[in-house]
Amino acid sequence: MSTITFSNAAVITAGPATRLRLTARGRRVVLAVAAVPLAVGIALAALSGGSAMASGQQVATASFETVTVMPGDTLWAIAESVAPTADPREVIGEITRLNLLQGGALQIGQELAIPAQFSE
């Protein structure tokens, strides 16, 4: 019979794992490298955003007639008073879209902008 013997001399153990250590100077370098793209992005946004104002073109502004909501007012009543010849459902839809109303809820004292096609 033959015998097999294992010895511990054949096993090689790895040394302790080294950790990455950054000095204060290394931290500043990493921070500077990370900040460069951010600074470039801000500079490009500032340069391209200012060109619209410097172009000299005039922007058309819209003026709206407004109605102040009184106690007891509904969208239906406002629509009928603003455009008596138009279908109130269409007027309500336009007022709702223009004022970004959710569910048609009105608050007393709220000012509603009236679409230009219904204002006189």
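A residue is called buried under 20% relative accessible area, exposed over 50%, and partly exposed in between, with a 1.4 Å probe and protein chains only. The model is predicted, so local features need pLDDT of at least 70 and side-chain atom pairs count only at pLDDT 80 or more, while totals for chains, interfaces and linings use all residues. Residues are numbered from 1 along each chain as its sequence is written, and side-chain values use heavy atoms, with hydrogens and water left out.

**Exercise 1. Classify V30 and place it on the surface.**

Step 1. V30 has a relative accessible area of 47%, and is therefore partly exposed.

Step 2. This residue, V30, lies in helix α1, residues 24–54. Helices (H or I, at least four residues) and strands (E, at least two) are DSSP runs, numbered from the N terminus.

Step 3. Together with L20 and L22, V30 forms a nonpolar surface patch of about 320 Å² accessible area. Patches consist of residues with over 30% relative accessible area and no salt bridge; like charges are joined within 9 Å, and nonpolar side chains (Val, Leu, Ile, Met, Phe, Trp, Tyr) within 5 Å. Accessible areas come from the Shrake-Rupley method with a 1.4 Å probe, and for residues only the protein chains shown count as cover.

**Exercise 2. State the order of the elements and the share of buried residues.**

Step 1. The protein chain contains three helices and two strands. From the N terminus on, their order is α-β-α-α-β.

Step 2. Of the 120 residues in the protein chain, 15% are buried.

**Exercise 3. Describe the largest nonpolar core and the surroundings of F118.**

Step 1. A nonpolar core is a set of buried Ala, Val, Leu, Ile, Met, Phe, Trp, Tyr and Cys residues joined through side-chain atoms within 4.5 Å.

Step 2. The largest such core has 13 residues, of which L75, I78, V91, I95, L112, I114 and F118 touch the most other members. Two or more residues of this core come from each of α2 (75–82), α3 and β2. The greatest contribution to this core, four residues, is that of α2.

Step 3. Beyond its neighbours within four places in sequence, F118 is in contact with V82, A83, A86, V91 and E94. Contact means heavy atoms within 4.5 Å.

**Exercise 4. Check the span of α3 and identify its buried residues.**

Step 1. The expected span of a helix is 1.5 Å times one less than its number of residues. The twelve residues of α3 should therefore span 16 Å, and the end C-alpha atoms are 16 Å apart, which agrees.

Step 2. P88, V91, I92, G93 and I95 are buried in α3. The cover over the buried residues of α3 includes α2 and β2.

**Exercise 5. Which side chains meet in salt bridges, and how exposed are they?**

Step 1. A salt bridge is a side-chain nitrogen of Lys or Arg within 4 Å of a carboxyl oxygen of Asp or Glu. By this rule there are two salt bridges.

Step 2. D87 and R89 form one of them, at 3.2 Å from N to O. D87 is partly exposed at 27% relative accessibility, whereas R89 is exposed at 59%.

Step 3. E94 and R97 form a salt bridge at 2.9 Å, N to O. They are three residues apart in helix α3, and therefore separated by about one helical turn. E94 is partly exposed at 27%, and R97 is exposed at 54%.

**Exercise 6. Examine the backbone of L100.**

Step 1. L100 lies in the loop between α3 (88–99) and β2 (111–114). Phi of L100 is near 55 degrees, a positive value in a residue other than glycine.

Step 2. Most residues other than glycine have a negative phi.

Step 3. L100 counts as exposed, because its relative accessibility is 70%.
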